[in-house]
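Student: I would like a close look at a single part of this model. Take the salt bridges, and add the helix and surface details that go with them.

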Amino acid sequence: MAEDTKSFELEDNHYSEPDSNLQSPAKKKKKSEKKKKRVPSVNAKIQVLSNHPQKTPPLVCYFPSGFDPHKDVNEEAVEEQDSVRARVYRHKNKPNRMQLVVSPTGSNVDFVGTNYLGEATAGKQHCSYGLGVLDKATQSLKIVPIASNMIFRLDPRIRGSDVSEMESPSVENEELSVQEKAEKMRELTNLYGTKKSINQAKKLHSLKQEDDPDTKKDLDGKMKNVVVNKEALESTGAQIARNIPTYNVSATTPREAYPLDKIILKGEWSYLEDLYSLLQEEAEISAKYPSFVRNRIYKLQDVQDEEEKKQLCSIFSYITHLIKYKDQHSMGDVASAKSHKFPSMIRQKFSSMFPTSEARRLSTETINLLISHVLVLTLFADEFSSDPSDIAKDLRTSPYDLRLHFDNLGCKFIRKNNLSLVTLPTPLEFPELRQKRRR
């Protein structure tokens with residue numbers, strides 16, 4: 001129980017009239033007298049009470065029909081018997097389910113409200129409710145929680161009819177599938193969402209969209225006449241085995257070896273402008289960005305072409321998201337990664353590309369695939385001549401293990417100015433894959 005003493009002042013609301021020469025002196029005098037009236041302040045001790053497991057908290061309800069339980073009831077009737085009788089029922093097997101029944105005397109209509117049907121299941125509550133009781137005599141204000149943290153809606157029901165079983169379809173028995181919930185959320189977003197949220201929902205819907213059955217039949221018919229490229233299939237198999245991004249064996253330049261548009265899709269660039277916005281505002285780059293990014297901010301300041309600068313900033317942001325995703329789903333969670341915010345489209349893509357186990361951990365193969373994506377992007381950022389020392393610290397891996405990853409990507413190490421730099425010669429040459437021996 002928390003206690004505090006505060007002073008608050010209750011005032012009447014006054015609607016001021018515009019000054020005018022046509023006002024009479026009597027009105028002006030009356031107006032000045034109203035302004036002088038003040039309700040005296042009350043020094044009250046505030047007590048905030050918490051839930052007690054052995055006691056039922058008060059129930060708060062309202063009548064949407066406009067019924068007033070105290071209307072047209074004389075004092076004698078109130079003294080002889082209660083004008084309204086209220087009853088509370090709990091489910092035997094599910095004690096959290098409550099039903100409030102209010103029965104006016106002399107009427108065959110009951111007002112029924114629940115915390116598990118109808119308005120109570122309309123959506124998640126974003127606020128908490130409490131009941132405050134001010135005792136002027138003791139100058140204390142007690143605030144107590146209400147039952148189910150909910151205001152019961154009391155709807156009229158004819159006495160004797162079990163409406164809860166007759167409701168069809170009832171919210172209690174009907175459970176929407178994940179697809180139906182997503183469809184309803186998309187409809188609500190299109191009706192009431194902002195322009196940005198609507199565009200984002202459309203992009204997500206296009207990514208989740210399934211193939212049309214008729215289109216699939218036509219595609220199956222056309223695929224029968226397609227000649228299978230065995231070399232392409234072999235390269236695809238090697239790509240999966242090596243856990244590396246999509247590559248082009250016949251590429252003549254490093255940029256063509258690992259196509260950037262296959263790593264960062266066209267619709268994702270607009271969600272990677274956080275670093276570019278900070279540079280435009282000339283704000284300080286916080287420590288949430290990896291050291292690889294912070295150590296190369298000077299490169300961004302030297303770039304004159306805005307489109308090139310924006311692309312490089314997006315690559316840095318994508319590297320940041322990849323590293324934070326790895327930290328969040330690895331053993332020994334990194335504290336700085338727990339509060340990292342991912343754009344919804346990026347998080348959804350990472351969840352499908354780098355799936356986690358039931359314990360929300362990445363497997364060794366998945367981590368290798370994620371690291372390969374990071375290393376390819378670092379090569380793009382450093383124009384395919386990169387010093388891997390800082391990215392090794394960001395990925396929390398040893399220089400030896402990182403060298404193996406680079407070798408698997410077809411990279412070569414050179415020595416320049418007493419620094420070990422990583423390059424990407426073309427055409428790509430990969431080390432031979434070692435097959436596990438069967439025991």
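Tutor: What follows goes through the salt bridges, then a helix, a strand residue and a surface patch. The model is predicted.

Start with the general idea. Side chains of opposite charge can pair when their charged atoms come close. Here the count comes to nine salt bridges.

Take Arg296 and Asp382. Their side chains form a salt bridge, with the closest N and O atoms 2.8 Å apart. The two residues sit in distant parts of the chain, 86 residues apart. Arg296 lies in the loop between helix H11 (291-294) and helix H12 (297-302). Asp382 lies in the loop between helix H16 (364-381) and strand E11 (385-386). Arg296 has a relative accessible area of 7%, so Arg296 is buried; the cut-off is under 20%. Asp382 is buried too, with a relative accessible area of 7%. The pair also belongs to a network: Arg296, Lys299, Asp382 and Asp390 are linked by salt bridges.

Now Arg159 and Asp110. Their side chains meet in a salt bridge at 2.9 Å, N to O. This pair, too, links distant parts of the chain, 49 residues apart. Arg159 is in the loop between strand E10 (155-158) and helix H3 (163-166). Asp110 is in strand E6 (residues 109-114). The two partners differ in cover. Arg159 is partly exposed, with a relative accessible area of 40%. Asp110 counts as buried at 9% relative accessibility.

Next, a bridge inside a helix. Lys309 and Glu306 meet in a salt bridge at 4.0 Å, N to O. The cut-off for a salt bridge is within 4 Å. Both residues belong to helix H13, three residues apart, so about one helical turn separates them. Lys309 counts as buried, at 12% relative accessibility. Glu306 counts as partly exposed, at 35%.

Stay with that helix. H13 (residues 306-328) has 23 residues. At 1.5 Å a residue, the helix should span 33 Å, and its end C-alpha atoms are 33 Å apart, which agrees. H13 is mostly covered: 18 of its 23 residues are buried. At the start of H13, a side-chain oxygen of Asp305 comes to within 3.4 Å of the backbone nitrogen of Glu307.

Turn to a strand residue. Gln99 is in strand E5 (residues 98-104). Gln99 counts as partly exposed, at 21% relative accessibility. Leaving out residues up to four places away in sequence, Gln99 touches Arg87, Val88, Tyr89, Val112, Gly113, Thr114 and Tyr116. Among those contacts, Val112, Gly113 and Thr114 fall within the span of strand E6 (residues 109-114). Asp110, the partner of Arg159, is in that strand. The C-alpha atoms of Gln99 and Phe152 are separated by 8.9 Å, although the two residues are 53 apart along the chain.

Last, the surface. Met185, Leu188, Leu191 and Tyr192 form a nonpolar patch there. Together they have about 510 Å² of accessible area. Tyr192 is in helix H4 (residues 178-192). Tyr192 counts as exposed, at 68% relative accessibility.

To sum up the bridges: Arg296 and Asp382 are a pair in which Arg296 is buried and Asp382 is buried. In the pair of Arg159 and Asp110, Arg159 is partly exposed, whereas Asp110 is buried. In H13, Lys309 is buried, whereas Glu306 is partly exposed.

Notes:
Residues are numbered from 1 along each chain as its sequence is written. This is a predicted model: local features need pLDDT of at least 70, side-chain atom pairs count only at pLDDT 80 or more; totals for chains, interfaces and linings use all residues. Side-chain values use heavy atoms; hydrogens and water are left out. Patches are made of residues with over 30% relative accessible area and no salt bridge: like charges are joined within 9 Å, nonpolar side chains (Val, Leu, Ile, Met, Phe, Trp, Tyr) within 5 Å. Accessible areas come from the Shrake-Rupley method with a 1.4 Å probe; for residues, only the protein chains shown count as cover. Helices (H or I, at least four residues) and strands (E, at least two) are DSSP runs, numbered from the N terminus. Buried means under 20% relative accessible area, exposed over 50%, partly exposed in between (1.4 Å probe, protein chains only). Contact means heavy atoms within 4.5 Å. The expected span of a helix is 1.5 Å times one less than its number of residues. A polar contact is a pair of N or O atoms within 3.5 Å; within protein, one must be able to donate a hydrogen and the other to accept it, and residues adjacent in sequence count only if both atoms are side-chain atoms.
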